[in-house]
Amino acid sequence: MSVSVFGAGAFGTALAISLAQNGPVTLWARDVSPLENKRQSPRLPGITLPDQISITGDLEQALENDTLLFSIPMQNLSGFLSRINSDLEGKALVACCKGVDLRSGLGPVGILSETKPKAQAAILTGPSFAADIAKGLPTALTLACTDDAIGKEIQHQLSTPSLRLYRSTDTVGAELGGALKNVMAIACGAAMGAGLGDSARAALMTRGFAEMTRFAASREARPETMAGLSGLGDLALTCTSDLSRNYQLGLALGRKEAFDPSITVEGAATAQAMDRIAIDTGLSLPICHAVAALTQGRVTVDDVMTQLLSRPLKEE
Ligand SMILES: NC(=O)c1ccc[n+]([C@@H]2O[C@H](COP(=O)([O-])OP(=O)(O)OC[C@H]3O[C@@H](n4cnc5c(N)ncnc54)[C@H](O)[C@@H]3O)[C@@H](O)[C@H]2O)c1
Ligand SMILES: O=P(O)(O)OC[C@H](O)CO
């Protein structure tokens, strides 16, 4: 089976580099010139693309392969797919992005399934920094696909000597874990940036996990998915590492510093999407609500902490 990766940012390029250990890979980019000139992605400086990777800006050519990985930021995924005229029947479409679409309230698998219903949608998600994958450092991810036989094929196709994929059929849980952990990472970064301490971060991670699990249950996701790589695993990485862009945005907010808006930070839009869902459904998602308000500049970190700490006392 042949593979294409769409989106030559940090993650798409890193996946292509890892997959090139297994055979030829097509990497589609919106702008091919920096990749062709230097054989490097501007988002992964210093890492040279192996010869097994063919770079193209030709969408039709890249769509010829059997397994198509989409590493386009969440809020642009739907628009990108609408440029593809074919129904992609018989192909495996693997979402490699994390978030909830603001317009539809859908996650990446939901967007793929709705836009291309004749193809098989799946998701690759879990704790992983692009630079680690590109350097061949050991990484474990979740590959979720509702059709387990196809999931098994994709799992084997996309596993490499340094990238170990665990399989699941719970696409809903897998996409929610990846989306919501980014919101919690912004909250943890904000707490740390404001000097609230490690105990506050541990509380936010734990209550954030409770919020993730509660929402996932309302969508009939499996609790063990939330406790796996795509949920707890990614929450642990993103809420504790300075390398996370979501955590970095939180740090900047907590320190009242500016943040470069060109950096991909999926958790900000996802917090807004989740806040809308909470209002529509009546579900209690206090940390998503707080992060939505904080990232839109409607409240300060001090306001958020006062709000969270003054809520009625309850059972754990
Ligand atoms: N960077 C990581 O460590 C990492 C790890 C795991 C998952 N992810 C996920 O991967 C996804 C992509 O993140 P990234 O780190 O690669 O971001 P990035 O900012 O490095 O790259 C995004 C890429 O998407 C392209 N792009 C943006 N809008 C597009 C559009 N409308 N059409 C076509 N191409 C478009 C950009 O040109 C760029 O190449 C995110 O959902 C992120 O959460 C990232
Ligand atoms: O840099 P972030 O915050 O987008 O996190 C990257 C990955 O999602 C970590 O698993």
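1. Let me start with a salt bridge: the side chains of aspartate 148 and arginine 167 come together at 2.9 Å, N to O. This pair joins distant parts of the chain, with aspartate 148 in helix α7 and arginine 167 in strand β8, 19 residues apart. Aspartate 148 is partly exposed at 32% relative accessible area, and arginine 167 is partly exposed with a value of 32%. Bear in mind throughout that this is a predicted model.

2. The elements holding that pair belong to one motif. Strand β7, helix α7 (residues 148-158) and strand β8 form a β-α-β unit, and its hand is right. Within the unit, β7 and β8 (residues 163-168) run parallel and pair over six bridges. If you want a spot to check the register, leucine 141 has leucine 165 in β8 as its bridge partner.

3. What sits on the other side of the pairing list for β7? Strand β6 (residues 120-125) pairs with β7 over four bridges, this time in the antiparallel sense. Here leucine 124 finds its bridge partner in leucine 143 of β7. So β7 pairs in the antiparallel sense with β6 and in the parallel sense with β8.

4. How enclosed is β7 by the rest of the structure? Largely, because six of the seven residues in this strand (residues 139-145) are buried. As a reminder when you look at any such strand, side chains in a regular strand alternate between the two faces of the sheet.

5. Back to the charges. The whole structure has six salt bridges. One of them pairs aspartate 234 with lysine 98, and the closest N and O atoms are 2.6 Å apart. Aspartate 234 is in helix α11 (residues 229-240), while lysine 98 is in the loop between β5 (92-95) and α5 (108-115), so this contact ties together parts 136 residues apart in sequence.

6. Are the two ends of that bridge buried or exposed? Aspartate 234 is buried, with a relative accessible area of 1%. Lysine 98 is buried as well, at 14%. The cut-off for buried is under 20%. The pair also has company: Lys98, Lys181 and Asp234 are linked in a salt-bridge network.

7. Another salt bridge is local. Arginine 201 and aspartate 198 meet through their side chains at 3.4 Å, N to O. Both residues are in helix α9 (residues 198-218), three residues apart, or about one turn of the helix. Their surroundings contrast: arginine 201 counts as buried at 14% relative accessibility, whereas aspartate 198 is exposed at 51%.

8. Lysine 98 turns up again in the annotation. An unreviewed UniProt entry lists Lys98, Arg245 and Asn246 under "binding site". These residues span 149 residues in sequence, yet no two of their C-alpha atoms are more than 12.8 Å apart, so they gather at one spot. Lys98, Arg245 and Asn246 are also part of the lining of the largest pocket.

9. Which residues does lysine 98 touch, leaving out those up to four places away in sequence? Its contacts are Met74, Thr125, Gly126, Ser128, Gly178, Ala179, Lys181, Asn182, Asp234 and Glu266. Lys181 and Asp234 from that list are the residues joined with Lys98 in the salt-bridge network.

10. The unreviewed UniProt entry also places "binding site" at Gly7, Ala8, Gly9, Ala10, Phe11, Gly12, Ala130 and Arg245. The lining of the largest pocket includes Gly7, Ala8, Gly9, Ala10, Phe11, Gly12, Ala130 and Arg245 from this set. Arg245 thus appears here and in the set with Lys98 and Asn246.

11. Glycine 7 is worth a look. This residue is in the loop between β1 (3-6) and α1 (10-19), and at 8% relative accessibility glycine 7 counts as buried. Apart from residues up to four places away in sequence, glycine 7 touches Gly12, Thr13, Leu27, Trp28, Ser71 and Ile72.

12. Last, arginine 245. This residue is in helix α12 (residues 245-255). At 40% relative accessibility, arginine 245 counts as partly exposed, whereas lysine 98 is buried at 14%. Beyond residues up to four places away in sequence, arginine 245 is in contact with Phe259, Ile263, Thr264 and Val265.

Conventions: Residues numbered from 1 in each chain as written. Chains lettered and ligands numbered in written order. Predicted model: local features only at pLDDT ≥ 70, side-chain atom pairs only at ≥ 80, totals over all residues. Heavy atoms only, no water. Buried < 20%, exposed > 50% of the residue type's maximum accessible area, 1.4 Å probe, protein only. Helix = DSSP H or I, 4+ residues; strand = E, 2+ residues; numbered from the N terminus. Pairing = 2+ DSSP bridges. Right-handed = clockwise from strand over helix to strand, strands pointing away. Salt bridge = Lys/Arg side-chain N within 4 Å of Asp/Glu carboxyl O. UniProt positions renumbered as here; feature names shortened; annotations may be inferred. 1 Å grid on protein atoms, 1.4 Å probe; cavity = no way out; pocket = protein on both sides within 12 Å on 5 of 7 lines; lining within 4 Å. Contact = heavy atoms within 4.5 Å.
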